[in-house]
Structure formats: C-alpha cells, structure tokens
Amino acid sequence: MPMRLPPYRPLSPEDVRKIDQTSRRILERVGIRILEQNYLDILKAAGAIIDQGDQKVRFEAAWLDEVLARAPSQFVLYSRDGKNDVHLGEEMVHFANGGRVFRILDMGTGGYRLTMLRDVAHTATLVNQLENISLYIIACQAHDLKPQYYHLNDFYHALNFTSKHVMGGCDDAEGVKQMWELAQLIAGGEEELREKPFVSVISNPISPLTIDANTLKILNICGTSGIPVTCAPAPISGATAPATLAGTLCQMHAEALAGVAITQVCAPGAKVLYGAVPSTMDMRHMEYTMGSVEMAIMNGAAVQLAKLYDLPIYASGGVTEAKRPDIQSGCEKTFSNLMVAMNGADLIHLAAGMLDSGNSISYEQYVIDNEIIGMINRILAGISVNESTLGFDVIEKVGPGGNYVMEDHTIEHMKEEFFYPDLGVRCNFDIWEERGRPSMLSRANDLVDEILDDGREGLLDTDLILEIKKKFSGIQNL
C-alpha cells in the first residue's frame, strides 16, 4: 500500500532551528577530532579550518553548506534481483534488522549462546522471506571465524542466502576492500557494481566528536567506489553526550553532518546516509537502555534534522531491554518503530530481531517483528478514500437489513483494505483450545523452522561459488 506518513513531530520548526544552529556552532567553534593526519591535510586543502595541535577540524558555515549540498537527496540501495530495491529520499519508510551482536537466544534450550557463521546465513534466509523487512543488515559476529576473514565471510554468506540489499558494519579498510572485491565478482565487474551497488557499509564516529582513522578510510573507500555508506553517531545521553535530549541531539547532529561532509570532501556526490543511533542511560543504575522511549523520541527528532538538509536518514527503532520475546519487547519495539516511522525515516535499522539492549538476537523475534512492521505499514497507509471505497453503490444495493459478505465489492477490496497477521491468534476460545493454545511465539517458532528448512540451499550459482572460493581462500563453509 502507498504510505501517507502520518506526522509525528517531537520538535517544532523553531526547535529544529535551534538544535541545528547549536550543532553548527559546535562544528565551527569546538570542531571534530580527526585521528589521522592525512585526512586533516585533505580537509585543509578542501577549505576546512584545522587546529593541528588538537587534531581538530572546524567547519565554517558557508563552507559546510557548500560541501553538504554535494550529497544526493535520493539514491537506491539495490537488490540483486531487482524485486526489493530500496528507494531512499522518496517519502517511503523502509525497515531493516540490526547487526553485529554477539549472542543469540536459542529457543530450543531456552538459553543464550555465542553467534556463529551459520547464524549469518540463517538470519539472511529469514530476512529474504520476510516481506516487511526491506534489506538485510549482517546480524551477528561469527565466533567461529578468524578476525581477518570476518567481513569476507559475512558478506559472502549473506549474499548467498538473500537477494535483498546487504548492508554491514566493517571494522577496517581491509574488510571493506574484501567486500568490494567479492561484490565485484558477484556483480560481474566493477562497472556493473558501481551502476547498481547491492551492498553498503555502516561506519561510526566515536562520541563525543571524534572520528578515527579506520572510519575515515572506510568513508573514503566507499565514497570513491560508489558504495553507499553511513557514518552513524551513537551518543548516549548522560554518558557520551549531555544528559538532556536536546543536548544529545545537538552533538549527534554535529557528528552526523561531519560524517556527510567528510565523505563529500573525499568523493563529491557520494551516496551517504545521515546516520542516527542516539540512546540513553538509566541514570538510577547506570544501565544502557536502547529500548527507552526517549531513544525513540530522539530518533524521531533526528529525522526532522536530516530532512532539514534533504538527506536520506538511517535512523534506529525496534530495540528493547527485554531478554525474551515477551510483553516488554512487544511494547518497546512497537512504540519505537511506530514513532520513528510516523516521522518519515527513510531507513529504520535495528527494527527486527533485536533483544537485550541491542546485544542479542532471536530468530523468533525476526518473524514477530516482521508482523509488527506489517501493522505499522498498514497504519502508515491510512484510509483510502475514493469513489469505490466510499461504497455508496453497494450500500444502496444491500440496503437496510442486508449483509455484504458475498458482494463483489467485498471481494474486490478485502485483500487491500485489511492487514492479515500470520502469527496473531484470531479464533474463538474453543478452537484455540483445540489447536493446542497457540501463541505468537509458538507460531513464530514454527515459521522459523519452515523458512530455514526451505532455505537450506544458497542462492548463488554453483560455478560462481567455485570461482569465489578459488579467489578467496578465507571463505569458510557453514
């Protein structure tokens, strides 16, 4: 259904102006610490103000506007089969899972275990079949891999088990190069990949106001190679950012604009998303709280700040402190995904599969979140009002005392008007008892088994797999 983006605005236009002005003052007077001399030289040559003693770059207002204007307001995160392309900057909301966790909830044992390479393949398989999750973000750290082969194997197994766009975090420039060479081979060449890049990269500055050498190299490589990238700050209110939400947003906005600007200096016109992962602490116990309602509010506000510059945004939602798929996870995930979506985020990451403050995943949570996202998409679509949906003719035909069950009008509209859940229980009590008292969680477990059983075979051509393994000796089998 087309989305109407019902408005949710945590900030007034004047609030947006004040935060933006404060962020620009931070960039001009405080600056961003750059932990790589080569990039200080590049930025100086491009016209930025450099404080060599403090390794800081400062952004004069007019120069910042000129550089930010180079960033595209629209671009596409391509899928390999062309059926799930993600169009950013076109007033559509897209949802993705989250990535690089270290633990997974095993519903078979009821406990947590470390994530393995097979979990990358399994989560990619799930996302490939879950229609409301638009792209796959590499979900977890494979503890059965050597560090030098993390990203090579992450992207290979992700691309082998989903044809949707694959996005992943990379720790260093070498990991990006491995991904780039692998993706070229799968695409059929460098020009083919540049034309329709089906991979993208997540990088992160260090809050507060620092960008390290690895992140700078990643932004440069992606920008010059035509690979979409985000530099997503993750400030924590009260820890790595001010304790006030407005203060956190000021710092985050400065960090996000700096990431976009530096990427445009390295590669004018580079496909870069404004990144936002602001979160909070429970100051009573100094516990990290990604699932707080304040995180949802800040991510909604971040959308307003990104749109001030007409930049596509990679925002955050769907996170929870809950350790299991339960009432708490349902509440926290639904509120945050809905709030950020209603504000019009282009891409909401972390939206599916996440538990435990973003530290863990669950296969069952993936399919539950897919259903939650489906309901949110239905909310965003609103109510279609036209000559047919107003229904005067059928009302006149049925008249007082009739019913509409067998009318053509009902058959014509029954599929498009309603959201039909796969997991939600919609039967009377007696039938529910006869069926063994199913729940969303039990149905999710069954659906996970079905999807993983059907998706055991990879998607890449056998000859291509042999070619990849011949070129990349670090590829590890599942």
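# Exercises on strands and surface patches

**Exercise 1.** In this predicted model, which residues of strand β16 point one way, which point the other way, and are they buried or exposed?

Solution. Strand β16 covers residues 279–282. Ser279 and Met281 point one way, whereas Thr280 and Asp282 point the other way. All of these residues are buried. In general, side chains in a regular strand alternate between the two faces of the sheet.

**Exercise 2.** Find the strands that pair with β16 and give the sense of each pairing.

Solution. Begin with strand β14 (residues 236–237), which pairs with β16 in the parallel sense over two bridges. Here Ser237 has Thr280 as its bridge partner. Next take strand β17 (residues 287–289), whose pairing with β16 is antiparallel and has three bridges. In this pairing Asp282 stands opposite Glu287. Finally, look at the connection: β16 and β17 form a hairpin with four residues between them. Met286 in the turn has a positive phi of about 55°.

**Exercise 3.** Place strand β15 in its sheet and describe its neighbours and faces.

Solution. Start with the order of the open, eight-stranded sheet, which is β6-β19-β18-β15-β13-β11-β10-β9 with parallel pairing. Its edge strands are β6 (94–97) and β9 (136–137), each of which pairs on one side only. In that order β15 stands between β18 and β13.

Now follow the bridges. β15 pairs with strand β13 (residues 229–231) in the parallel sense over three bridges, and Tyr274 of β15 stands opposite Cys231. Strand β18 (residues 313–316) runs parallel to β15 and is joined to it by two bridges; there the partner of Tyr274 is Ile313. One step further along, strand β11 (residues 199–203) is joined to β13 by three bridges, again in parallel, with Val201 opposite Val229.

Last, check the faces of β15 (residues 272–275): both are covered. Val272 and Tyr274 lie on one side, Leu273 and Gly275 on the other, and all are buried.

**Exercise 4.** Which residues make the nonpolar surface patch, and which gather in the patch of negative charge?

Solution. The nonpolar patch, of about 420 Å², is made by Ile411, Met414, Phe418 and Tyr420. Of these, Met414 lies in helix α15 (residues 408–417). Met414 counts as partly exposed because its relative accessibility is 37%, between the limits of 20% and 50%.

The negative patch gathers Asp446, Asp449, Glu450 and Asp454 on the surface. Asp454 belongs to helix α17 (residues 440–454). With 63% relative accessibility, Asp454 therefore counts as exposed, the cut-off being over 50%.

Conventions: Residues are numbered from 1 along each chain as its sequence is written. This is a predicted model: local features need pLDDT of at least 70, side-chain atom pairs count only at pLDDT 80 or more; totals for chains, interfaces and linings use all residues. Side-chain values use heavy atoms; hydrogens and water are left out. Patches are made of residues with over 30% relative accessible area and no salt bridge: like charges are joined within 9 Å, nonpolar side chains (Val, Leu, Ile, Met, Phe, Trp, Tyr) within 5 Å. Accessible areas come from the Shrake-Rupley method with a 1.4 Å probe; for residues, only the protein chains shown count as cover. A salt bridge is a side-chain nitrogen of Lys or Arg within 4 Å of a carboxyl oxygen of Asp or Glu. Buried means under 20% relative accessible area, exposed over 50%, partly exposed in between (1.4 Å probe, protein chains only). Two strands pair if DSSP finds at least two bridges between them. Lys and Arg count as positive and Asp and Glu as negative; His and the chain ends are not counted. The place of a charge is taken as NZ of Lys, CZ of Arg, CG of Asp or CD of Glu.
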